[in-house]
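Q: Please take me through the ligand site and the pockets of this model, setting each value against the definition behind it.

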Amino acid sequence: MNPLILNAEAVSSKPVIVALDFHSEMDTLHFVRHLDPSLCRLKIGKELFTATGRSLVEKLMSQGYELFLDLKYHDIPNTVAQACKAAADMGVWLVDMHVCGGRRMMEAAAEAVANYAEKPKLIGVTVLTSMTSSDLLEIGLQEEPEQLVSKWAALAKNSGLDGVVCSAHEAAMLKNQCGTDFLLVTPGIRLDVAGNQDDQRRIMTPKQALASGSDYLVMGRPIVQAENPAELLRSINEGRV
Ligand code: C5P
């Protein structure tokens, strides 16, 4: 099977989700002027959302962007379900939560958004890429990270989530295991694997990650620091890098 055709919908047009790792609304809006909603989607994480709240989400959506609200929910089922509903009310495209919150939490979240006409996609965070085997052991988890990722991806799928966040190095394994419709969202993307990795360790280029089965690529610094972010997005969308 050619992995490039694993998920035609996602891979075809604009796979990049630009991580808006800024601290203020002003810096964010200043940067976003270089982009266009036809080229990418956007991600707002804990730092920016805590600093700016709903107003920035609404401003960016009114410009036509689809938003990934990356708040990694982890709480009792009712609280996460209500948070997902609040995100669905805002109209965001993608929302995430920690798989280790358990089956009942994920099922409650899926049920909470099931009746929305524009239902946000729900994504599970498996093992944080910052966690090593010894970190896992320290919190009582004996499995290797890769085993746990596989187990938690299966749990996320069986609990009604639409996909998971994972490393591109796990994408092929998870596509095989969970099927082509199960979305894989992968950070750790760099344009030149031999070049500057920043704090990322297990990296892939956009082309490699998509060929491995990633549906969406979360990219921060390589886009934010590019001389011409829009041109770079065009070359990724056209499969040139
Ligand atoms: O700048 P860079 O491309 O490394 O940014 C990647 C983005 O993806 C950041 O917002 C980071 O928090 C996020 N992320 C990650 N690794 C994960 C999950 C999320 O780098 N496992």
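A: The space taken by the ligand is the largest pocket. This is a predicted model, in which local features need pLDDT of at least 70 and side-chain atom pairs count only at pLDDT 80 or more, while totals for chains, interfaces and linings use all residues. Residues are numbered from 1 along each chain as its sequence is written, and side-chain values use heavy atoms, with hydrogens and water left out.

Q: What makes the space taken by the ligand a pocket?
A: On a 1 Å grid over the protein atoms alone, a pocket is an open set of points with protein on both sides within 12 Å along at least five of seven lines, whereas in a cavity a 1.4 Å probe fits but cannot get out. A molecule sits in such a space if more than half of its atoms lie within 2 Å of its grid points, and the ligand takes the largest pocket.

Q: What is the volume of the largest pocket, and which residues are closest to its centre?
A: The volume, the space filled by probe spheres set on grid points joined across faces, edges and corners, is about 1100 Å³ for the largest pocket. Of its 38 lining residues (an atom within 4 Å of a point), Thr 129, Ser 130, Pro 187, Gly 188 and Gln 200 are the closest to the centre.

Q: Why do Lys 43, Thr 129 and Arg 190 count as polar contacts of the ligand?
A: A polar contact is a pair of N or O atoms within 3.5 Å. A polar side-chain atom of Lys 43 lies 3.0 Å from a ligand oxygen, an N or O atom in the Thr 129 side chain is 2.8 Å from a ligand nitrogen, and one in the Arg 190 side chain is 2.9 Å from a ligand oxygen, so each pair meets the cut-off.

Q: Which residues line the second largest pocket?
A: Its lining includes Met 61, Tyr 65 and Trp 93, and its volume is about 160 Å³.

Key
A polar contact is a pair of N or O atoms within 3.5 Å; within protein, one must be able to donate a hydrogen and the other to accept it, and residues adjacent in sequence count only if both atoms are side-chain atoms.
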